[in-house]
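Here are some exercises to work through with the model open on your screen. Try each task before you read its solution.

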Amino acid sequence: MDKLFLHTCCGPCAMWPLEDLRNEGRKVHLFFFNPNIHPLAEWERRRDNARKAAEFYGVPLTVLGSSDEEEWIKRAGEGQERCRYCYRVRLMQAAEEARKRGFTAFSSTLLVSPWQKRDLIIEEGERAARETGISFLPYDWREGYRQGQALAREAGLYRQRYCGCLISLDESSYAESIRRDHRELSGRAEGSSGLE
């Protein structure tokens, strides 16, 4: 069966798609490109857990870019259009990378979450497919979301409580505890007690 270039937003969301694709017999290459994840400490933690998921399933992972907080802050008042932009940037980059590497199809682990905007993801995936000549496969992995989260727990993966950008963090009911966690992470990384 064909290889699949799979954009991954995080380790936990990759678990069920990788399980399903393995059962399908597909060879998968994970691609972590998520400039929407802020702050940098959060981006690094999600990158590290994407690596753990790749190791768990024995699949290759490519990491590209970093956190781009400024771009998302500029779009704070755009509502759903901010989300569309977010999907567009990531899926276009995934399609371009897939084409460069000789893949004929790509998809995204965003399609596992019942909280993502599925219609927008599919629209932007199909747009990227038209522009690059690579097929976008709009899997519906939502029924396996809970099983994927259980697999993530078993594998000891960090499971985040907000979409990724600072705007979604502000909307999270866990915002204060997440920010405290980020301060601790940043403090450890800098060898200090935390951010001001």
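Before you start, one working definition: two strands pair if DSSP finds at least two bridges between them. With that in hand, you can place phenylalanine 5, which stands opposite phenylalanine 106 in β4. Keep in mind that this is a predicted model.

**Exercise 1. Get the overall layout.**
Task: work out how many helices and strands the protein has, and in what pattern they follow along the sequence.

Solution:
- Step 1. Count the elements: there are eight helices and five strands.
- Step 2. Read along the sequence, and the pattern is β-α-β-α-β-α-α-β-α-β-α-α-α.
- Step 3. Check burial across the chain: 54% of the 196 residues are buried.
- Step 4. Look at contacts between residues at least 6 apart in sequence; 74% of these join residues at least 24 apart.

**Exercise 2. Put the sheet in order.**
Task: find the order of the five strands in the open sheet, and say which strands stand at the edges.

Solution:
- Step 1. Begin with β1 (residues 3-7) and β4, which run parallel and are joined by three bridges. One match to look for is leucine 6, whose bridge partner in β4 is serine 107.
- Step 2. Go to the other neighbour of β1: β1 and β2 pair in the parallel sense over five bridges. Here phenylalanine 5 stands opposite histidine 29 in β2.
- Step 3. Extend past β4, which pairs with strand β5 (residues 135-136) over two bridges, again in the parallel sense. Alanine 105 stands opposite serine 135 in β5.
- Step 4. Put it together: the order is β3-β2-β1-β4-β5, with parallel pairing. The edges belong to β3 (61-63) and β5; each has a single partner strand, so one side of each is left without a neighbour in the sheet.
- Step 5. Add a helix. Helix α1 (residues 11-24) packs on the sheet, touches β1 and β2 (27-32), and has a direction about 175° from that of β1.

**Exercise 3. Follow the crossover.**
Task: trace the chain from β4 to β5 and say whether the crossover is right-handed or left-handed.

Solution:
- Step 1. Recall that β4 and β5 are parallel partners.
- Step 2. Leaving β4, the chain goes through helix α5 (residues 118-132) to reach β5, and this β-α-β crossover is right-handed.
- Step 3. Stop at glutamate 124, which lies in helix α5. This residue is buried, with a relative accessible area of 1%.
- Step 4. See what surrounds the residue: leaving aside neighbours within four places in sequence, glutamate 124 is in contact with Arg84, Tyr87, Arg88 and Leu91.

**Exercise 4. Check the faces of a strand.**
Task: decide whether the two faces of β4 (residues 105-108) are covered or open.

Solution:
- Step 1. In a regular strand the side chains alternate between the two faces of the sheet.
- Step 2. Sort the residues by side: Ala105 and Ser107 are on one, Phe106 and Ser108 on the other.
- Step 3. Each of these four is buried, and both faces are covered.
- Step 4. Now compare with β1: four of its five residues are buried, so β1 is largely enclosed by the rest of the structure.

**Exercise 5. Look for disulfides.**
Task: find out how many disulfides the structure holds, and why the sulfur of cysteine 86 forms no bond with the closest cysteine sulfur.

Solution:
- Step 1. The count is zero disulfides.
- Step 2. Cysteine 83 is in no disulfide, and the nearest cysteine sulfur, in cysteine 163, is 6.5 Å away. Cysteine 83 is buried, at 17% relative accessible area.
- Step 3. For cysteine 86, the closest cysteine sulfur is also that of cysteine 163, at 6.1 Å, which is too far for a bond. Cysteine 86 is buried too, with a relative accessible area of 8%.

**Exercise 6. Spot the backbone details.**
Task: find which peptide bond is cis, and where proline 39 lies.

Solution:
- Step 1. Most residues other than glycine have a negative phi, and most peptide bonds are trans.
- Step 2. The bond from histidine 38 to proline 39 is cis, with omega near -10°.
- Step 3. Proline 39 sits in the loop between β2 and α2 (40-57).
- Step 4. For phi, go to glycine 102, which follows α4 and has a positive value near 85°.

Note on methods
Residues are numbered from 1 along each chain as its sequence is written. This is a predicted model: local features need pLDDT of at least 70, side-chain atom pairs count only at pLDDT 80 or more; totals for chains, interfaces and linings use all residues. Side-chain values use heavy atoms; hydrogens and water are left out. Buried means under 20% relative accessible area, exposed over 50%, partly exposed in between (1.4 Å probe, protein chains only). A crossover is right-handed if, with the strands pointing away from the viewer, the path from the first strand over the helix to the second runs clockwise. A disulfide is a pair of cysteine sulfur atoms within 2.5 Å. Contact means heavy atoms within 4.5 Å. Axes are lines fitted to C-alpha atoms, for helices over the stretch in contact, and angles run from 0 to 180 degrees between N-to-C directions.
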